Amino acid sequence: MKELEERIKKDGRVLGKDVLKVDSFLNHQIDPMLMERMGEKFYEHFKDAGINKILTVESSGIAPAVMTGLKFQVPVVFARKHKSVTLSDDLYSSEVYSFTKKTSNHISIAKKYLSSSDKVLIIDDFLANGQAVNGLNTIIDAAGAQLAGIGIVIEKSFQKGRQMIDKSGTPIYSLARITAFEDGQVVFGKEDE
């Protein structure tokens, strides 16, 4: 998605060897018009997959997931990282390690929002080491639901997440694929077809 790549070049900041900060439009301040166009791209790519539910992890995946759900006209469910007092014990759960934050989180989804009749599209803001996708897939398996595809806003192809997903055979579509950070600049790879 050329518009996203241009926005990353303009407003993204490379921190160290493997972190990209995009808090001015994706994961702190959100550009809703850009999110809407991302949702359209995900919809166009996966529209024939029979999706009836969108799944993400709080919090940065929510905005692109909601816009994708709007295009599909299906519910969006986000896995919570912290158990709320209003969330019952009837949950699907998994552990996810965040390399950016250097912490593990237990993510969970109420069982009433995911079932064996669901054909799920995962939407997430970043794909690096694949931990969030793995955690969501564990929950999808526990529910007996079917993973129909994975939509990623920004993929860091130089990390192992993509290779792990490719081995599973799950369809994946990334809007921006980063192959490297060189001299503080982002190097983009070929956009998914």
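Leaving aside neighbours within four places in sequence, with which residues is alanine 132 in contact?

**View 1. Alanine 132 and its contacts in the predicted model.** Alanine 132 is in contact (heavy atoms within 4.5 Å) with Val57, Val96 and Asp124, once its neighbours within four places in sequence are left aside. This is a predicted model, in which local features need pLDDT of at least 70 and side-chain atom pairs count only at pLDDT 80 or more, while totals for chains, interfaces and linings use all residues. Residues are numbered from 1 along each chain as its sequence is written, and side-chain values use heavy atoms, with hydrogens and water left out.

**View 2. The annotated binding site and helix α4.** An unreviewed UniProt entry places the feature "binding site" at Ala128, Asn129, Gly130, Gln131 and Ala132; such annotations may be inferred rather than shown by experiment. Glutamine 131 lies in helix α4, residues 131-143 (a DSSP run of H or I, at least four residues), and alanine 132 is also placed in helix α4. With a relative accessible area of 23%, glutamine 131 is partly exposed (between 20%, under which a residue is buried, and 50%, over which it is exposed, with a 1.4 Å probe and protein chains only).

**View 3. Leucine 20 in the largest nonpolar core.** The largest nonpolar core (buried Ala, Val, Leu, Ile, Met, Phe, Trp, Tyr and Cys residues joined through side-chain atoms within 4.5 Å) has 34 residues, and Leu4, Ile8, Leu20 and Ile154 have the most contacts inside it. Apart from this core lies another, of 24 residues, among them Ile122 and Ile139. Leaving aside neighbours within four places in sequence, the contacts of leucine 20 include Ile8, Phe126, Ile154 and Val186.

Methods:
Helices (H or I, at least four residues) and strands (E, at least two) are DSSP runs, numbered from the N terminus.
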